[in-house]
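Dear colleague,

I am passing on the structure that we spoke about, and I would be grateful if you would read the notes below with it open beside you.

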Amino acid sequence: MLLTIDVGNTNIVFTVFKDPAPLFEFRINTDSARMKDQYAIMLMDIMKLRGIARESIKGAIMSSVVPPVTMQIRSAVSDFFGVDTLLIEPGLKTGLNIKIDDPSCLGGDLVCGAVAAKEFYKMPCIVIDLGTIIKVMALDKSGAFLGCALSPGIGISFEAMDRKTAALPLVDADKVEKAIGTNSPDSIRSGVLNGVGCMLDGLISRFEKELCVNPSECSIVATGGNAAQIKPYCERDFEVSPYLVSQGLRIIYEKNMPKNMPQSGEQT
């Protein structure tokens with residue numbers, strides 16, 4: 001089995017793969033103050049709950065946008081499972097042609113999402129990742145990564161309205177039925193959720209124009225914690241793929257770790 005780890009600004013997503021299929025995933029909040037022993041205890045508890053022996057995990061790979069957390073998790077995985085964790089970083093084989101100004105600056109989570117989209121979807125493709133930051137990525141007809149657009153995520157938008165105003169309350173992202181809100185909480189929800197939906201519709205159309213393709217020619221896939229939630233607020237249709245980044249991690253691991261290569265802790 002393979003353990004993939006996606007460290008984001010808000011959550012850390014652990015996914016256990018058995019062959020190419022995800023067996024299960026679990027999420028914890030991202031906390032830079034958490035120590036490696038705490039991560040090891042969490043991993044031990046989850047594996048025990050799921051009935052997975054630690055010896056079953058033969059490899060691990062991680063993407064991280066929070067450097068202080070990276071080493072703590074790598075150490076915890078090494079101590080608990082006895083395997084080294086491959087890290088998404090420049091020099092790793094991904095099979096992705098990155099055509100931005102400085103390819104080494106591209107975040108590992110974007111790389112993984114693009115790699116999985118290239119594997120599973122028709123090109124050209126627009127990949128949307130709705131997490132702490134909303135990322136909209138463009139892959140051309142050959143599957144090359146052309147660039148992206150970034151904007152504040154849903155959670156950040158709600159928090160900003162609460163912190164930067166004197167009278168507006170902090171609300172959750174409950175579903176709102178009408179665009180025209182009749183009270184403060186629903187008005188805030190409508191502005192954020194419908195606003196994100198309209199933004200995505202507009203970005204998809206502009207991306208298609210810059211890709212020089214008709215809407216029917218372009219695949220659109222969304223992932224991230226808010227993907228399914230935001231879909232009803234979009235007029236453009238897209239597929240929701242919850243495991244897209246995790247699948248990208250798995251694919252990159254397989255490109256860099258041949259099946260016949262012994263893992264850390266195994267006898268040669």
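What follows is an account of two helices and their surroundings, then of a helix pair, and lastly of a single serine in a loop.

Please bear in mind throughout that this is a predicted model.

I begin with helix α1, which has 15 residues and reaches 21 Å from its first C-alpha to its last, close to the 21 Å expected at 1.5 Å a residue. Its buried residues are Tyr39, Ala40, Leu43 and Met47, and because these fall within an arc of 100° when the helix is seen down its axis, they line one face of α1. The face turned away from that buried side carries the exposed residues Asp37, Lys48 and Leu49. The cover over the buried residues of α1 includes the strands β1, β2 and β3 (21-29), together with helix α2. After α1 comes glycine 51, which has a positive phi, near 70°.

Helix α2 (residues 67-81) can be described along similar lines. For its 15 residues a span of 21 Å is expected at 1.5 Å a residue, and the end C-alpha atoms are indeed 21 Å apart, in agreement with that value. Buried in α2 are Val69, Thr70, Ile73, Ala76, Val77, Phe80 and Phe81; seen down the axis, they fall within an arc of 145°, so they line one face of this helix. These buried residues pack against β1 (2-7), β2 (11-18), β4 (59-64) and β5 (85-87), and also against α1 (36-50). Just after α2, glycine 82 takes a positive phi of about 75°.

The helix pair consists of α4 (residues 154-163) and α5 (residues 184-211), whose axes come within 10 Å and cross at roughly 145°, the crossing being right-handed. On the α4 side the contact involves Ile154, Ser157, Phe158 and Met161, which meet Ile188, Arg189, Val192, Leu193 and Val196 in α5. By class, the residues of this contact divide into seven nonpolar, one polar and one charged.

Finally, is serine 241, in the loop between β10 (239-240) and α7 (244-256), buried or exposed? Its relative accessible area is 13%, and because buried here means under 20%, serine 241 counts as buried. If residues up to four places away in sequence are left aside, serine 241 touches Tyr121, Val221, Ala222 and Thr223.

With best regards

Technical notes
Residues numbered from 1 in each chain as written. Predicted model: local features only at pLDDT ≥ 70, side-chain atom pairs only at ≥ 80, totals over all residues. Heavy atoms only, no water. Axes fitted to C-alpha atoms, helices over the stretch in contact; angles between N-to-C directions. Helix = DSSP H or I, 4+ residues; strand = E, 2+ residues; numbered from the N terminus. Left-handed = near helix turned anticlockwise from the far one by under 90°. Contact = heavy atoms within 4.5 Å. Nonpolar A, V, L, I, M, F, W, Y, C, P; charged D, E, K, R; others polar. Expected span 1.5 Å × (residues − 1). Buried < 20%, exposed > 50% of the residue type's maximum accessible area, 1.4 Å probe, protein only. Arc of directions from axis to C-beta.
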